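Please open the model in your viewer and keep the sequence panel beside it, since each stop below begins with a selection to make.

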Amino acid sequence: MRIITGKYKGKRFEVPRTFKARPTTDFAKENLFNVLRAYVDFDETHALDLFAGTGSITLELLSRGCPEVVSVERDRQHFAFISQVLRSLADPAARPVCADALRYIQRATRSFELVFADPPYALRELPELPEMVLHGTLVAPGGIFVLEHGKDNDFSNHPLFLEHRAYGSVNFTFFRQKRVEETATPYGDSTIDG
């Protein structure tokens with residue numbers, strides 16, 4: 001697993017062969033970040049990496065200068081690997097969390113400008129993930145949620161759907177949370193002449 005660009009560009013980490021997680025391919029990852037560049041300023045983006053797996057996306061976010069990256073992974077072996085890699089970088093922006101991603105979503109009390117989720121493609125709750133993530137305050141107003149999924153999922157009818165990209169067998173669907181002015185009532189700020 002290698003970091004594609006940014007301050008840690010070229011760094012490589014050996015993922016244990018026993019891992020069940022599959023890192024996002026370099027090709028898909030590079031294209032994902034090319035698309036994200038149009039939507040977020042990484043220097044000002046607090047990011048959340050759900051189902052962090054090998055930590056591949058977390059590392060790219062840190063390398064691009066995000067001031068904070070929270071990585072949520074429940075598998076203890078995977079979490080130990082992510083923690084070890086992050087310790088080697090000694091990046092103060094890294095915040096690894098050993099927790100179940102679905103529970104984290106339900107209990108979250110803060111917002112992120114970017115939320116990325118790469119759940120197992122067979123996860124039973126995967127079709128409901130956009131609603132779960134975008135329903136509360138997890139994604140900041142105007143923020144981006146990216147879901148990695150297999151070819152059998154289509155989220156283009158979701159009201160917050162932004163775009164879909166496919167790179168081989170890897171699919172990314174992008175959603176944008178409503179901005180504050182989009183959630184205000186239509187008469188909230190108007191004055192009525194009497």
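**Stop one: the largest cavity**

Begin by selecting L32, F33, L36, I57, L61, L114 and F116, which together line the largest cavity. Keep in mind throughout the tour that this is a predicted model. The structure holds 1 cavity of 30 Å³ or more, and the space in the largest cavity amounts to about 30 Å³. If you colour the lining by residue type, you will find 7 nonpolar residues, with no polar and no charged ones. Three elements, α1 (26-36), α2 (56-63) and β4 (112-117), each supply at least two residues of this lining, and the element that gives the most is α1, with 3 residues.

**Stop two: helix α1**

Next, show α1 as a ribbon and add side chains for A28, K29, L32, F33, V35 and L36, the buried residues of this helix. Turn the view until you look down the axis of α1: its buried residues fall within an arc of 155°, so they line one face of the helix. To see what that face meets, display α2, β4, β5 (139-149), β6 (161-167) and β7, against which the buried residues of α1 pack.

**Stop three: helix α2**

Move on to α2, where the residues to select are S56, I57, T58, L59, E60, L61, L62 and S63, the buried residues of this helix. Why can α2 be described as largely enclosed by the rest of the structure? The reason is that 8 of its 8 residues are buried, where buried means under 20% relative accessible area. The partners to display around the buried residues of α2 are α1, β1, β2, α3, β3 and β4. Just after the helix, select G65, which follows α2 and has a positive phi, near 95°.

**Stop four: the largest pocket**

Now select F51, G53, E73, D118 and P120, which, of the 27 residues that line the largest pocket, are the closest to its centre. About 480 Å³ of space lies in this pocket. Its lining can be coloured by type as before, and here it divides into 14 nonpolar, 5 polar and 8 charged residues. Among the elements to display, β1 (46-50), α2, β2 (68-73) and α4 (101-107) each supply at least two residues of the lining of the largest pocket.

Stay with F51 for a moment, in the loop between β1 and α2. Although F51 is not a glycine, its phi is positive, at about 55°, and its relative accessibility of 15% means that F51 counts as buried. Another residue to select is A90, which is not a glycine either and has a positive phi of about 50°. A90 sits in the loop between α3 (76-89) and β3 (94-98). Is A90 buried or exposed? With a relative accessible area of 62%, A90 is exposed.

**Stop five: F19, before the helices**

Go back along the chain to F19, which is found in the segment before α1. F19 counts as buried, because its relative accessibility is 10%. Show T54, Q77, H78 and F81 around F19, since these are the residues that F19 touches once those up to four places away in sequence are set aside. For a distance label, join the C-alpha atoms of F19 and R74, which are 13 Å apart in space and 55 residues apart in sequence.

**Stop six: T173 and E163**

Finally, select T173 in strand β7 (residues 170-176), which at 1% relative accessibility counts as buried. The side chain of T173 makes a polar contact with the side chain of H149, at 2.7 Å. Leaving out residues up to four places away in sequence, T173 touches F145, V146, L147, H149, F155, F161, E163 and H164.

From that list, carry the selection over to E163, whose place is in strand β6. E163 is also buried, with a relative accessible area of 15%. Which side chain makes a polar contact with the side chain of E163? The partner is the side chain of R165, at 2.5 Å. To complete the view, display V35, Y39, F172, T173 and F174, with which E163 is in contact when its neighbours within four places in sequence are left aside. V35, in this last selection, is one of the buried residues of α1, and thus the tour returns to the helix of stop two.

Definitions and conventions
Residues numbered from 1 in each chain as written. Predicted model: local features only at pLDDT ≥ 70, side-chain atom pairs only at ≥ 80, totals over all residues. Heavy atoms only, no water. Helix = DSSP H or I, 4+ residues; strand = E, 2+ residues; numbered from the N terminus. Buried < 20%, exposed > 50% of the residue type's maximum accessible area, 1.4 Å probe, protein only. Polar contact = N/O pair within 3.5 Å; in protein donor to acceptor, adjacent residues only side chain to side chain. Contact = heavy atoms within 4.5 Å. 1 Å grid on protein atoms, 1.4 Å probe; cavity = no way out; pocket = protein on both sides within 12 Å on 5 of 7 lines; lining within 4 Å. Points joined across faces, edges and corners; volume = space filled by probe spheres on them. Nonpolar A, V, L, I, M, F, W, Y, C, P; charged D, E, K, R; others polar. Arc of directions from axis to C-beta.
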